[in-house]
Amino acid sequence: MSTKGLIERLNKGPVICAEGFLFEIERRGYMSSGQFVPMVSLEHPEALENLHKDFQHAGSDIVQAFTYNGHREKMRVIGKEELLEPLNRSALKIAKKVAISTPKGIEPNLMAGNISNSNIWKENDSKSQLEVEKMFAEMVGWALEEGADMLIGETFYYAEEAYKALEVMKKTGLPCVITIAPMGENIMRDGVSIVDTCKELEQLGGDVVGMNCFRGPATMMPYLKEVRKALKCHVAALPINFRTTEEHPTFFNLPDNNGCACHSPHGRTFPTALDPLQCNRYEIRKFAKEAFGLGVNYLGVCCGANPMLIREVAESVGLKVPASKYKEDMSTHFIYGTNKSIAKHMRDYGDKA
Ligand SMILES: [Zn+2]
């Protein structure tokens, strides 16, 4: 079966991309929270492969290599710089393996190489910027060698860093997705507005431009609407799965005012005590449907994503995916079912259960 490219797929309709590997791999017990280095591709490759397969089953069209934070700077911080290239190549190989082995009848997925926020980018500091450029270039080079079909640059909160990432990615000739993640001030850290950053990314040749991470549906949607209006290219939307608010637009300072009986030892809900602040599946479904209605064809979920939510995103835009076989069916529930075989004395007990 031939593989259609990213743009061809987007021109035809929705394309689903699962992100949020960091939180999900941590939750599954293969990564230290806070440190957040994706050693999993070397230490437990089977766990990473399984997660990719679960997302694929749920409808992700893209297998994004898990190299988030797998860059030279972070590897240096944890004293494992010598594992940088093996980690990247392993993550890319696992992603490629899953991408080309879709279930029967389903078009092969696209394998995406990935670069992201370096956390050492500094305004007006050419030394740090050159270092970041080199980090991007080596990772993009490995992605190309390992057969990436496309590239994703994501979670940038400096406009200039996003521009640099795109510049490096564009040199490969592969389709490029570039998404930004403005922090709580609702502006990029170098002072450029969200919409202006996206407009510039389109001008610089971004094939898909948009937003990912840090913001839940409620605080991403208002900006997404503006971005969609301002751009002609394809737009991406991958919110986190948490109930951010106007007062707390990102998950970094999100308070738990929901009867928490034991707060985290480090004093904030991010990143280990966010669980009660999650969106439910219907909220994610509503966001994805609304975004698609606006003309946003590249859809997914970032931190807090799980396969069930990816299935909800896919189904909200009319797709049927392998996991659709197991979608919600309350009709046969033992108390709340509508099936006529459910005993009346059980149905009548529903409000007291
Ligand atoms: Zn994220």
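**Note on the predicted model: helix α6, the core and strand β7**

1. In this predicted model, the buried residues of helix α6 are L84, L87, N88, S90, A91, L92, I94, A95, K96, V98 and A99. The list holds N88, S90 and K96 alongside residues such as L84 and V98, and a reader inspecting the helix may wish to look at these positions individually.

2. The helix itself has 16 residues and reaches 23 Å from its first C-alpha to its last, close to the 22 Å expected at 1.5 Å a residue. Its buried residues pack against the helices α3 (40–43), α4 (45–57), α5 (72–77) and α7 (126–145), and also against the strands β2 (62–64) and β3 (110–116).

3. The largest nonpolar core has 107 residues, and those with the most contacts inside it are A112, L151, A162, A237, Y298 and I310. The largest share of this core, eight residues, is supplied by helix α6 (residues 84–99). As a general background, nonpolar side chains in soluble globular proteins tend to be buried together.

4. What does A162, one of the residues with the most contacts inside the core, touch once residues up to four places away in sequence are left out? With that exclusion, A162 touches G153, F156, I178, I180, T197 and L201.

5. Strand β7 (residues 234–238) is mostly covered, with five of its five residues buried. The cover extends to both faces, since H234, A236 and L238 lie on one side and V235 and A237 on the other, and all are buried.

6. On one flank of the description stands β6 (residues 208–212), which pairs with β7 in the parallel sense over five bridges, and within this pairing N212 stands opposite L238. Between the two strands the chain passes through helix α10 (residues 217–230), and this β-α-β crossover from β6 to β7 is right-handed.

7. Strand β7 is also joined to β8 (residues 298–301) by two bridges, the two strands running parallel, and here A237 stands opposite L299. A right-handed β-α-β unit is made by β7, helix α11 (residues 281–294) and β8.

8. For the chain as a whole, there are 13 helices and eight strands, and 49% of the 353 residues count as buried. Residues 24 or more positions apart account for 73% of the contacts with a separation of 6 or more.

9. The C-alpha trace spans about 75 × 50 × 45 Å along its principal axes. A compact globule of 353 residues would have a radius of gyration near 20 Å, and the chain has 20 Å, which agrees.

Conventions
Residues numbered from 1 in each chain as written. Predicted model: local features only at pLDDT ≥ 70, side-chain atom pairs only at ≥ 80, totals over all residues. Core = buried A, V, L, I, M, F, W, Y, C linked by C-beta atoms within 7 Å. Buried ≥ 20, exposed ≤ 12 C-beta atoms within 10 Å, placed from the backbone. Helix = DSSP H or I, 4+ residues; strand = E, 2+ residues; numbered from the N terminus. Contact = placed C-beta atoms within 7 Å. Expected span 1.5 Å × (residues − 1). Pairing = 2+ DSSP bridges. Right-handed = clockwise from strand over helix to strand, strands pointing away. Rg over C-alpha atoms; globule rule 2.2 N^0.38 Å.
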